[in-house]
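Please consider the structure shown below, together with its sequence. The paragraphs that follow lead through selected side chains and their surroundings.

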Amino acid sequence: MFLHGYDDNTLELCFGAQDKNRNFITKLMKNANTVSDNGIEGLSKIANSGKITPEIIQNYTHVVYRNRLEILYGYRNMQERSTKEEYLKTLEFYKDIIQNANKYYDMVLVDLDKKLNNDIIRQILKISDVLVYNIEQKMNMINEFLKMREELDSQSKNKIVLNVGNFDENSKYTIKNISRYAGIRRDLTVIPYNTLFFEAASEEAVADLFLKIINVSEADKNSKFIKQVKETVEKIIYKMQEVQMKM
């Protein structure tokens, strides 16, 4: 399951908005209010009432691949009823929601909002098995990562996987150079720039794209992208298993 942050529609653009068919659903239901709250907004109210259970979380998610991948959308700034102040009140329930989701799903991925309160961030990092930090081939991003890493405790530092997105093999910021500069060898992954993925990520078509190209031949121009995605996923899973064995 994916959970992502406040006022961020990145995952909606990639996989489709949760309330895409809300008007149709509303007409079928006697009480329209039952579908007015979705994602973290509705779930946080359940958590506030003390009635949250692992099983109930799926009722607030958007299904991408049935029984494989679901998304719990973050708090969005809808002017008619949702405010940032209201969002801030839900933060105290994030840890509880994540821990309950972990009891129901095999894996929970949290898109951590950098704007979150530092205490909330530390709570989530502490209960996480792996910390995937995403950057691009830019010196300021690499330095931001190094600064962030210095602020972590030793336990959290050992959970890090550094991922370089939109990777350009012609850049002077090669894997070797980034590895040397950041002091990371094994726990460094890359996702190369891919035109089809770039377009799909803005057209709610990422799920369909991967179904179409997941088994392309090595001769296909997208094979390198798929290979790197697979290697990245495998490294993250291996890191997770490694951390869990040490606990």
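In this predicted model, a search of the whole structure finds six aromatic pairs. One of them joins tyrosine 133 to phenylalanine 145: the ring centres are 5.2 Å apart and the planes meet at 55 degrees, a tilted arrangement. This pair links distant parts of the chain, as tyrosine 133 belongs to strand 5 and phenylalanine 145 to helix 7 (residues 139–150), with their positions 12 residues apart in the numbering. Tyrosine 133 counts as buried because its relative accessibility is 15%, under the 20% cut-off. Phenylalanine 145 is likewise classed as buried, its relative accessibility being 0%.

A further tilted pair is formed by phenylalanine 197 and phenylalanine 225, with 5.5 Å from centre to centre and 40 degrees between the planes. Here, too, distant parts of the chain are linked: phenylalanine 197 lies in helix 10 (residues 195–200), phenylalanine 225 lies in helix 12 (residues 223–246), and the two are 28 residues apart. How is each partner classed, buried or partly exposed? Phenylalanine 197 has a relative accessibility of 28% and therefore counts as partly exposed, since that class lies between the limits of 20% and 50%. Phenylalanine 225, in contrast, has a relative accessible area of 3% and is therefore buried. Both residues also belong to one aromatic cluster, which Phe197 and Phe225 form together with Phe210.

Attention now turns to another phenylalanine. Phenylalanine 15 is part of helix 1, which covers residues 10–15. With a relative accessible area of 17%, phenylalanine 15 is buried. Which residues does phenylalanine 15 touch, leaving aside those up to four places away in sequence? The contacts are His62, Val64, Leu69, Ile71, Tyr73, Glu204, Val206 and Ala207. For one of these residues, valine 64, the backbone separation from phenylalanine 15 can also be stated: the two C-alpha atoms are 6.8 Å apart, although 49 residues separate them along the chain.

The last site is a polar side chain. Serine 128 is located in the loop that runs between helix 6 (118–127) and strand 5 (131–135), and strand 5 is also the element that holds tyrosine 133. Serine 128 has a relative accessible area of 17% and is therefore buried. Where does a polar atom of the serine 128 side chain find the backbone oxygen of isoleucine 124? The separation between these two atoms is 2.6 Å.

Technical notes: Residues numbered from 1 in each chain as written. Predicted model: local features only at pLDDT ≥ 70, side-chain atom pairs only at ≥ 80, totals over all residues. Heavy atoms only, no water. Helix = DSSP H or I, 4+ residues; strand = E, 2+ residues; numbered from the N terminus. Buried < 20%, exposed > 50% of the residue type's maximum accessible area, 1.4 Å probe, protein only. Contact = heavy atoms within 4.5 Å. Polar contact = N/O pair within 3.5 Å; in protein donor to acceptor, adjacent residues only side chain to side chain. Phe/Tyr/Trp six-rings, centres within 6.5 Å; stacked < 30°, edge-to-face > 60°.
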